[in-house]
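Please open the structure in your viewer and keep the selection tool at hand, and we will go through it step by step.

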Amino acid sequence: MHAHSSRFQNLTVLGGFIAFSLLMRFFSFFPTLISHDEGTYFVIAREMFLGKIYFVDLVDTKPIGLYLLIGMLFKYVASSIFLARMLA
């Protein structure tokens with residue numbers, strides 16, 4: 001019984017952190033302007049999924065995981081700035 005209670009408490013805390021994070025970023029989801037950084041993320045992600053190689057054909061200082069996540073989102077779900085902002 002104690003393990004179930006502890007797991008529920010952990011999930012409640014996690015849910016609280018996610019809700020707080022979304023609330024703090026709420027107004028940043030809707031601007032229609034794309035910042036320089038976001039544009040770079042989207043272009044590099046798209047080019048990687050078109051066959052370019054990171055650190056050979058494309059260079060940036062961010063880890064490759066960011067571009068892979070955005071690229072998969074755009075390829076398999078939708079090319080949505082809103083969804084990319086939610087993912088980040």
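Which element of the chain has the lowest mean pLDDT, and which the highest? Colour the chain by pLDDT, the predictor's confidence in each residue from 0 to 100: helix H4 (residues 81-87) has the lowest mean among the elements, 74, and H3 the highest, 87. This is a predicted model, in which local features need pLDDT of at least 70 and side-chain atom pairs count only at 80 or more, while totals for chains, interfaces and linings use all residues. Residues are numbered from 1 along each chain as its sequence is written, and side-chain values use heavy atoms, with hydrogens and water left out.

Next, select the whole chain, whose mean pLDDT is 82, with 84% of its residues reaching 70 or more. Its secondary structure comes to four helices and zero strands, where helices (H or I, at least four residues) and strands (E, at least two) are DSSP runs numbered from the N terminus. Of the 88 residues in the chain, 22% are buried, that is, under 20% relative accessible area, whereas exposed means over 50% and partly exposed lies in between (1.4 Å probe, protein chains only).

Now select residues 64-76, which form helix H3 with its 13 residues. Then show the side chains of Tyr-67, Ile-70, Leu-73 and Phe-74, which are among the buried residues of H3, as is Gly-71. Looking down the axis of H3, you will find its buried residues within an arc of 160° (taken from the directions from the helix axis to the C-beta atoms), so they line one face of the helix. Finally, turn to the other side of H3 and select Lys-75 and Tyr-76, which are exposed.

Methods
Expected span 1.5 Å × (residues − 1).
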